[in-house]
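Reader: I am new to this structure. Please pick one part, look at it closely, and then relate it to the rest of the chain.

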Amino acid sequence: MSRADRAGYAGLAAAALGLACFLTVALLGPSVMEPALPGGSGQPPYSLGVHPSPHLVIVLTAIGAGLSALGIGLCLYASRRGWWISPRILLIAGGVAAVAFMFMPPIGSADHLNYAAYGRMAVTGNDPYATAARGLPADPVIGAVQDWRDAPTLYGPIATAQQTFASLIGGRSVRLTVFVMSVTQVVAFLTVGLLLAHATRGDRERRLRAALLWSANPLMLYALVGGAHNDVLALAFAVAGLVVFALPDPPWSRQTDTRTLGRCVAAGILIGAGAAVKINVAIVAGGPAWILLRDWWEARRATGAGRAPARSGAGAAAARLVALPLTAAVVTGLAYLMAGPHSFDQLGRASRAVALATPWHLFAGAGGGLLLTLPRSVVQRGAIVLTVVLAVLLLRATPRPGVRDVGEVTDTTGEDALRVSAVLAIAWLFAAPYALPWYDGLGWAMLALVSTPVTAPDRPSAAAPDRSPVSTPVAAPRHPLAWSRIDGLILARTTVLVLAYLPARDPRLAGLPHALDWLVTGVRSRVTPAVLTALLMALVVVAVRARRAPAPVRSPRAPAGPRP
């Protein structure tokens, strides 16, 4: 067994143990990591109800985060060096784990209680964008809210529709309402996994990478599925929109232009729907929009050169350029208009928030910044500027897609759109003033979509051609900024955020002992901002030091000849 094989299987074992720790915390029942769910005892989700100690569940979660990070890192390292396992196995294993989480109460935060309350408000005729849970304490579902009792919903209208649907089924039972929401979110998680598998078909290394980054990623299973967060619903729409836009036409297609107007409209509808769940996913539209702008500019230049056929091409390019962002904006805007004027008020309130566990806590926060205190408006503008700077640096450093096989023409336009979307998402995650572990799902999903150069394997893979007089050896592309470095930074960031939010609840309402207050006052409020600032600086250094190189070109597979 090669070194890569040993690392890969050790990574799988570590990831499985980390996932087992998370599942155990959920199975044990109500604790500091798992709020109780009022409702019928026979209704799902189910747990043992042994009421474990705060120390036990926090230690289990922390160990799970560490093992998960180690496992993912080892698997990614091994896969870049020739280790292989069927992505289908990982997809099925991730699906089984997601379903297991679905049948157990959510852990890590109390957000699902808020979701259930907002759906209940809509069912009972109250506006969730103008009503706080504290105003309706007698309702069995709304009265169960623990955190954010004074806050109307910050989520988009489609998220509210999902919560309303769950409330219609769950009725007065918090437990059943939460279970219905968990079912829809697991379906969304599995949908993203299937979309990624479809988008990466035909490339075994890329498909394995996508499965490792998403379906079999214990950190995402814990943060998104185990926590029953609606971010995964937004990601399902956004990823679907990108896949619709980016995938090349099938060989039998008679279209001369791979970006038809209908495809742009469909992508815009899906991305707009994702933004109507959580507005932050709208940033992924930047990739397709940039590519369409580039196509229009090139067609316009051709028109200026006097080429007659280019005139119609410039008009079609302009129509596509307008169609995608306009469709996305119309879908999102109509959803918010239907939700009422107060939905826009909550968008503004959310944009001014600054979390403790971000680099911006050095300059702002509920009690002021750690170093100095700046106005929230300055922080907002600073975050936008930082996002743009990071995106420019990463775009200049990351490789553009190239031809995969000699003589085979590939659709580099779609690959370019995915690359730009991934860069924008990563830049926003590192620059945003508000961060929680499940927010990083956007970065993981985008990284799973993009192609990445691979390094030299320790041994020839099963798909590599035999070394013979008639075969051409596969070159080992080494790019100064492989996506693998960004993988590592995202992995470190998500792990740090998981450890910072143990739990992501009000410590007194959760029952956190005073002896563990240092988790909030020390780790979350002071250590995490410093560590995330260091990771931000590392991202800048990696991008600045990188030099763009041509994308790798793989030699064609030759018939196997006799071995010398």
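Author: Take the loop between helix 17 (483-500) and helix 18 (507-510), where Pro503 is found. The model is a predicted one, and local features are taken from it where pLDDT is at least 70. The peptide bond that leads from Leu502 into Pro503 is cis, and its omega is near -10°. Most residues other than glycine have a negative phi, and most peptide bonds are trans. A cis bond also joins Pro44 and Pro45, with omega about 0°. Pro45 is in a loop as well, the one between helix 1 (3-28) and helix 2 (54-79).

The surroundings of the Pro503 loop bring in an enclosed space. Rolling a probe the size of a water molecule over the atoms shows where empty space is left. Two cavities of 30 Å³ or more are counted, and the largest has a volume of about 60 Å³. Among the residues that line this largest cavity are Val498, Tyr501 and Ala504. Its lining also includes Ile107, Gly108, Pro437 and Trp438. A further group in the lining consists of Tyr222, Ala223, Gly227 and His229.

The numbers of that last group lead to Ala228, which is in the loop between helix 8 (218-226) and helix 9 (231-246). Ala228 has a phi near 55°, a positive value in a residue that is not glycine. Ala228 has a relative accessibility of 2%, so it counts as buried; the limit for that word is under 20%. Another positive phi belongs to Trp148, near 60°, again in a residue other than glycine. The position of Trp148 is the loop between helix 4 (111-123) and helix 5 (157-170).

Helix 9 also holds one end of a salt bridge. Side chains of opposite charge can pair when their charged atoms come close. Asp231 and Lys278 meet in this way, with 3.0 Å from N to O. Asp231 is in helix 9, while Lys278 is in the loop between helix 10 (261-275) and helix 11 (286-304), so the bridge ties together parts that lie 47 residues apart in sequence. Both ends are covered: Asp231 is buried at 5% relative accessible area, and Lys278 counts as buried at 11%.

Ten salt bridges are found in the structure. In one of them, Asp139 pairs with Arg120, with 2.9 Å between the closest N and O atoms. Asp139 belongs to the loop between helix 4 and helix 5 and Arg120 to helix 4, so this pair links distant parts of the chain, 19 residues apart. Asp139 counts as buried at 14% relative accessibility, and Arg120 is buried at 10%. Another bridge runs from Asp416 to Arg419, where the closest N and O atoms are 3.1 Å apart. These two are three residues apart in helix 15 (residues 412-431), which means about one helical turn separates them. Asp416 is buried at 5% relative accessible area, and Arg419 at 7%. Shared partners join Arg294, Asp295, Asp416 and Arg419 into one network of salt bridges.

Two neighbours in sequence show contacts with other stretches of the chain. Ser173 is in the loop between helix 5 and helix 6 (174-199), and Val174 is in helix 6. Ser173 is buried at 8% relative accessible area, and Val174 counts as buried at 1%. Beyond its neighbours within four places in sequence, Ser173 is in contact with Pro38, Gly39, Gly40, Gln43 and Val141. With the same neighbours left aside, Val174 is in contact with Leu37, Pro38, Leu113, Pro140, Val141 and Ala144.

The surface offers a contrast. Val322, Leu326, Val330, Leu334, Leu337 and Phe344 form a nonpolar patch there, with about 550 Å² of accessible area together. Helix 12 (residues 308-339) gives the most to this patch, five residues. Leu334 is in helix 12 and is partly exposed, at 48% relative accessible area.

The whole chain is the setting for these parts. The protein chain has 19 helices and zero strands. Of its 564 residues, 54% count as buried. Among contacts between residues at least 6 apart in sequence, 77% join residues at least 24 apart. The chain exposes about 23,300 Å², of which carbon and sulfur atoms supply 66%.

Key: Residues are numbered from 1 along each chain as its sequence is written. This is a predicted model: local features need pLDDT of at least 70, side-chain atom pairs count only at pLDDT 80 or more; totals for chains, interfaces and linings use all residues. Side-chain values use heavy atoms; hydrogens and water are left out. Helices (H or I, at least four residues) and strands (E, at least two) are DSSP runs, numbered from the N terminus. Buried means under 20% relative accessible area, exposed over 50%, partly exposed in between (1.4 Å probe, protein chains only). Contact means heavy atoms within 4.5 Å. Accessible areas come from the Shrake-Rupley method with a 1.4 Å probe; for residues, only the protein chains shown count as cover. Patches are made of residues with over 30% relative accessible area and no salt bridge: like charges are joined within 9 Å, nonpolar side chains (Val, Leu, Ile, Met, Phe, Trp, Tyr) within 5 Å. A salt bridge is a side-chain nitrogen of Lys or Arg within 4 Å of a carboxyl oxygen of Asp or Glu. On a 1 Å grid over the protein atoms alone, a cavity is a set of points where a 1.4 Å probe fits but cannot get out, and a pocket is an open set with protein on both sides within 12 Å along at least five of seven lines; lining residues have an atom within 4 Å of a point. Grid points are joined across faces, edges and corners, and a volume is the space filled by probe spheres set on the points.
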